[in-house]
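Colleague: Please give me a close look at one pocket, and then tell me about the chain around it. I am new to this, so explain your terms as you go.

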Amino acid sequence: MNSILVASNRGPFSFTTSESGSLCMRRGGGGLVSGLSEVAKDLNVLWVCAALSDGDRAAVRQAPGGRLDHAGYDTGALRMLDIPPATFHRAYNAVANSTLWFVNHLLYDTPNTPNFDARFRREWESYQSYNAAFALALAEEAAHGARVMVQDYHLTLTPAMLRVERPDLRISHFSHTPWAPPEYFSLLPDAVAVEVLEGVLGADHAGFLTARWAGGFMDCCERLLGAEVDRVSRTVTHAGRTTRIGVHGLGVDGEALWARASEPDVESNMAALRDQVGDRKLIVRIDRTELSKNIVRGLGAYREFLDTHPEWHGRVVHLAFAYPSRHDLPEYREYTAAVQRCAKEIEDKYATEDWDPLILNVNDDYPRSLAAYRLADVLLVNPTRDGMNLVAKEGPILSPNSVLVLSREAGAAVELGEHALVVNPYDVSATATALYQGLVMPEEERVRRGARLAAAATALPPHRWFSEQLAALK
């Protein structure tokens, strides 16, 4: 039995099947996984996650009770849940990514979507089943009085379900996304909105990345549940229980990041990029092709910068890393196509025989991304809404003389905004101006800002972030 457990949709490892039929293990992707993996290993935490692929399911079926560490894999304590693929698809794609993500990131085209009909009710039942599977697994694995840390919007119902199964446990829920204000959150069907809020309130401690997102959650509890909210002590009391609300701004382990960015594969990528761009200045962005990341407006800002500053033609290159994301969803496939169309328009208009103004990289290549960080003169982070955005924190660590152009709608703006060039993500012209200001900023000011950005970015590294929440459950 385990005294500390973490639950999340994605786990620290994933599996693929080779041509020979053998299983190949690799580290899982995503910011949450990268932030928690080393912490979980050091503290001997049991990680409970879902099998995401056929390779994952094959590995689980070879493991007693889904415990991959008991099947000989070097994963640390890990239980992977073999949830039926149809249930997983509806819970993950239709509800988590197409509904809760859209609500909390304010992404709906409201004249046309959402439409909560009979089909959605069936999808919601799958989301309930998916959360119940996690609650049952955690209840089976947890020692008496154990501390359980449930992660993110995929698992909003799990805390309340687990509370019913195991009232002895100390439970937290952490939201890695923004939280919508009540007037937008109430787009959800009334019963669904209540179930989500009461699901999170099943936890003893509900954590958020910024005070703004915590405030949005408390506002929803007050408005939609009639809960008693104390904003000074940050507590929500509802149905006879009190949940403490915490703000924990996840940062970066600077030493570990630098160690990884100094490895030979990164150095070779740096050399290749230098050969490709020469001595030109570099504007860098690194994102998934996720709707809220605002890549198309960022490319539009670069195009407007080139329009208004012809003296920079041939002297600057934009390295845009836009890795594929959620291609099961039609909105994301279209957005990826829009990014590619915008990039081609820039190429067609400005490229010359000896100058490629834009390099668009759509392959997920972590060493190449780290190389781009290290070479950046300007880092563009312009989401329309973002829980935190670790790119904004990693960049200043690896390129201390670069200038950060940062959206005011990123959670990171709370900590980094004073030392960045802060922009309205919808204002393409203002973003173009900020790119120019970043390129011409004097070296002394770059160094001063960079040092303060790096200090803020490393203020709460993953170990401390995790420890703070563990302490809140004592």
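Modeller: Let's start with a word we will need: a residue is buried when its relative accessible area is under 20%, exposed when it is over 50%, and partly exposed in between, using a 1.4 Å probe and protein chains only. This is a predicted model, in which local features need pLDDT of at least 70 and side-chain atom pairs count only at pLDDT 80 or more, while totals for chains, interfaces and linings use all residues. Residues are numbered from 1 along each chain as its sequence is written, and side-chain values use heavy atoms, leaving out hydrogens and water.

Now to the pocket. Rolling a probe the size of a water molecule over the atoms shows where empty space is left. The search uses a 1 Å grid over the protein atoms alone: a cavity is a set of points where a 1.4 Å probe fits but cannot get out, a pocket is an open set with protein on both sides within 12 Å along at least five of seven lines, and lining residues have an atom within 4 Å of a point. Grid points are joined across faces, edges and corners, and a volume is the space filled by probe spheres set on the points.

The part I have picked for you is the second largest pocket, with a volume of about 500 Å³. Its lining has 22 residues, and those nearest the centre are Ala 94, Ser 98, Thr 99, Glu 123 and Glu 331. Helix H3 (85-104), helix H4 (118-141) and helix H12 (330-350) are the elements that each give two or more residues to this lining. Helices (H or I, at least four residues) and strands (E, at least two) are DSSP runs, numbered from the N terminus. H3 supplies the largest share, 7 residues. Sorted by class, the pocket lining holds 9 nonpolar, 6 polar and 7 charged residues. Here Ala, Val, Leu, Ile, Met, Phe, Trp, Tyr, Cys and Pro count as nonpolar, Asp, Glu, Lys and Arg as charged, and the others, Gly among them, as polar.

Let's follow those helices outwards. Pro 114 sits in the loop between H3 and H4, and the peptide bond from Thr 113 to Pro 114 is cis, with omega near 5°. Most residues other than glycine have a negative phi, and most peptide bonds are trans. In H4 we meet Ala 132, which is partly exposed because its relative accessibility is 32%. From the C-alpha of Ala 132 to that of Arg 333 is 31 Å, with their positions 201 residues apart in sequence. Past H12, the loop leading to strand E14 (358-361) contains Asp 354. Asp 354 counts as exposed because its relative accessibility is 61%. The C-alpha atoms of Asp 354 and Gly 314 are 8.0 Å apart, and the two residues are 40 apart in sequence.

There is also closed space to look at. The structure holds 1 cavity of 30 Å³ or more, and the largest cavity contains about 30 Å³. Leu 100, Asn 104, Tyr 153, Thr 156, Trp 179, Phe 185 and Val 196 form the lining of the largest cavity, which divides into 5 nonpolar, 2 polar and no charged residues.

Asp 152 belongs to the loop between strand E6 (142-151) and helix H5 (158-165). Its phi is near 80°, positive in a residue other than glycine. Asp 152 counts as buried because its relative accessibility is 8%. Another positive phi, about 55°, belongs to Arg 234, again not a glycine. Arg 234 lies between strand E9 (228-230) and strand E10 (235-238), in a loop.

Finally, step back to the protein chain. It has 18 helices and 17 strands, and its C-alpha trace spans about 65 × 55 × 45 Å along the principal axes. The radius of gyration is taken over C-alpha atoms, and the globule rule is 2.2 Å times the number of residues to the power 0.38. For 474 residues, a compact globule would have a value near 23 Å, and the chain agrees with 23 Å. Of the 474 residues, 58% are buried. Contact means heavy atoms within 4.5 Å; among contacts between residues at least 6 apart in sequence, 74% join residues at least 24 apart.
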